[in-house]
Amino acid sequence: MSLKSIVRELKEMRDGIGSISRRGAESKHWHSRMKSHIVPDVTVTPLENILQGPWANLPPELLLDIIRRVEESETSWPARAVIVSCASVCKSWRAVTKEIVKTPEQCGRLTFPISLKQPGSRESPIQCFIRRKRETSTFLLYYGLVPSENETDKLLLAAKRIRRATGTDFVISLVADEFSRSSNTYLGKLRSNFLGTKFTIYDSQPPCDTGIQPNSRSCRRFQSKQVSPRVPACNYVVSTIAYELNVLRSRGPRRMHCTMNSIPVSAIQEGGNAPTPISLPQVIDEHFSPSPALKGKGPVTDLSSASLTELPVQHQGSVEPLVLKNKAPRWHEQLQCWCLNFKGRVTVASVKNFQLVAAVDPAHNVSAAEQEKVILQFGKIGKDIFTMDYRYPLSAFQAFAICLSSFDTKPACE
């Protein structure tokens, strides 16, 4: 049997499992997300209760060879959705698939939702772009160099801007039509102060090796009547962003510093490693599902409430966090403007454009080449279209949150 026929049968099997596990409107909703979004890494229906057929009984050696060939042949989206289909067949297929598929740091590719919380590639940046929708105050992160003509780009993350009296919130989700914190697609948020000079990145799950354990006081329940009051939720502080005040109103780009509380400075030293989560939290399951009366209602949009306790990251021992700073541009005499080398990825001048590099002391023994390496770059290429290229030790979630801070109004910084 050829590889193409195997892939075709895998797709048919995925559709068959979806029709058994979800019926009616739920099934249509599930398939629409399978086609346009990375599937949330949670188990909705026990797979043991589904008849798997002969595929679940394949010899381990043959199964390993099939999935390895599929993984090597389907290296880009949307074809890479076949890998997700392999992991959806049964538990044995899922275990083998997760064993073969490497993290973005190792292979430079994004496959499962957890890849968005894992550090990027060390070798080359992962290239994405952001589309801003002014009418809905949403920001969509896509996987790819630039927008395609047929609009089949892979959606990675979405954010919705919600203005408050004391600042602004950007709620980050896996999908573009659900921004409720009671949903299992909620990943975190970015919150600004009144002036738009300081931002805090909150994660929905505790960072690796921080020793934070949620308890009854740190995980408050929702009190809104629109969601189940039994859904636990926490926000963990993982990063802070500070923009310098421009008191003298001098010309030049914005100056910013990012303190990555969840990433130690040792991550960029020789032999160092950044924290790498292996799974996303299952916020909603059969024990924390919305009541039947709430099903079918629109998503909760009042997300500015401070009903969730915001927990700071507590590093074990005296671990120093990684600090990023924007790379200083040079003044171009002929063009009469500040310039940075974006290597063709940015084509429109904008005050939002920036490049971030590590800000380290000589005592940290970080090589000069590592200090000059651009970890995150963001810039404009057209009306409401921006590129975002990130690399190790940042994840897509962290990079996206940092770039969102550039969209907020900053009258005191310009």
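Here is a short back-and-forth about a predicted model of one protein chain.

User: How many helices and strands are in the protein chain?
Analyst: Let's start with the overall make-up of this predicted model. Of the 414 residues in the protein chain, 49% are buried. Looking at contacts between residues at least 6 apart in sequence, 65% join residues at least 24 apart. As for the count you want, the chain has eight helices and 15 strands.

User: At what angle do helix 3 and helix 5 pack?
Analyst: Two packed helices are described by the angle between their axes and the distance between the axes. Here helix 3 covers residues 60-73 and helix 5 covers residues 91-100, and their axes sit 10 Å apart. Angles from 65 to 115 degrees would be roughly perpendicular and those under 35 roughly parallel. This pair falls in neither range and is therefore oblique, with an angle of about 50°.

User: Is the crossing of helix 3 and helix 5 left-handed or right-handed, and how do the residues of the contact divide?
Analyst: Helix 3 passes helix 5 in a right-handed crossing. On the helix 3 side, the contact uses Leu63, Leu64, Ile67, Arg68 and Glu71, and helix 5 brings Ser92, Trp93, Val96, Thr97 and Ile100. Sorted by type, the residues of this contact come out as six nonpolar, two polar and two charged.

User: Is the pair of Phe129 and Tyr142 stacked or edge-to-face?
Analyst: The structure holds eight aromatic pairs. A pair of aromatic rings is described by the distance of the centres and the angle of the planes. For Phe129 and Tyr142 the centres are 5.3 Å apart and the planes meet at 20°, and planes under 30 degrees apart count as stacked. So this pair is stacked.

User: How many residues apart in sequence are the parts that Phe129 and Tyr142 tie together?
Analyst: Both Phe129 and Tyr142 are buried. Phe129 sits in strand 1 (residues 126-133), while Tyr142 belongs to strand 2 (residues 138-143). The pair therefore ties together parts whose separation in sequence is 13 residues.

User: What about Phe386 and Phe407: stacked or edge-to-face?
Analyst: Phe386 is in strand 15 (residues 385-390) and Phe407 is in the segment after helix 8, 21 residues apart, so to speak a link between distant parts of the chain. Phe386 counts as buried at 1% relative accessibility, and Phe407 counts as buried at 6%. Their ring centres are 5.0 Å apart with the planes at 90°, so the pair is edge-to-face.

User: Which residues form one aromatic cluster?
Analyst: Phe386 and Phe407, the pair with ring centres 5.0 Å apart, are both members of it. The full membership is Phe139, Phe170, Phe354, Phe378, Phe386 and Phe407.

User: Which residues does each cis peptide bond in these loops join?
Analyst: Pro78 is in the loop between helix 3 and helix 4 (81-87), and the bond leading into Pro78 has omega of about 5°. Pro393 is in the loop between strand 15 and helix 8, and the bond into Pro393 has omega near 10°. The cis bonds join Trp77 to Pro78 and Tyr392 to Pro393.

User: Asn365 and Asp384 both have a positive phi without being glycine; is each one buried or exposed?
Analyst: Asn365, with phi of about 55°, is in the loop between strand 13 (354-358) and helix 7 (368-372). Asp384, with phi of about 65°, is in the loop between strand 14 (376-382) and strand 15. Buried means under 20% relative accessible area and exposed means over 50%. At 67% Asn365 is exposed, and at 11% Asp384 is buried.

User: How many residues of helix 8 are buried?
Analyst: The buried residues of helix 8 include Phe397, Phe400, Ile402 and Leu404. Gln398, Cys403 and Ser405 are buried there too. Helix 8 is largely enclosed by the rest of the structure, because the buried count is 10 of the 10 residues.

User: What separates the C-alpha atoms of Thr136 and Arg161?
Analyst: Thr136 is in the loop between strand 1 and strand 2, and at 36% relative accessibility Thr136 counts as partly exposed. Arg161 is 25 residues from Thr136 along the chain. The C-alpha separation is 8.6 Å.

Conventions. Residues numbered from 1 in each chain as written. Predicted model: local features only at pLDDT ≥ 70, side-chain atom pairs only at ≥ 80, totals over all residues. Heavy atoms only, no water. Axes fitted to C-alpha atoms, helices over the stretch in contact; angles between N-to-C directions. Helix = DSSP H or I, 4+ residues; strand = E, 2+ residues; numbered from the N terminus. Parallel < 35°, antiparallel > 145°, perpendicular 65-115°, else oblique. Left-handed = near helix turned anticlockwise from the far one by under 90°. Contact = heavy atoms within 4.5 Å. Nonpolar A, V, L, I, M, F, W, Y, C, P; charged D, E, K, R; others polar. Phe/Tyr/Trp six-rings, centres within 6.5 Å; stacked < 30°, edge-to-face > 60°. Buried < 20%, exposed > 50% of the residue type's maximum accessible area, 1.4 Å probe, protein only.
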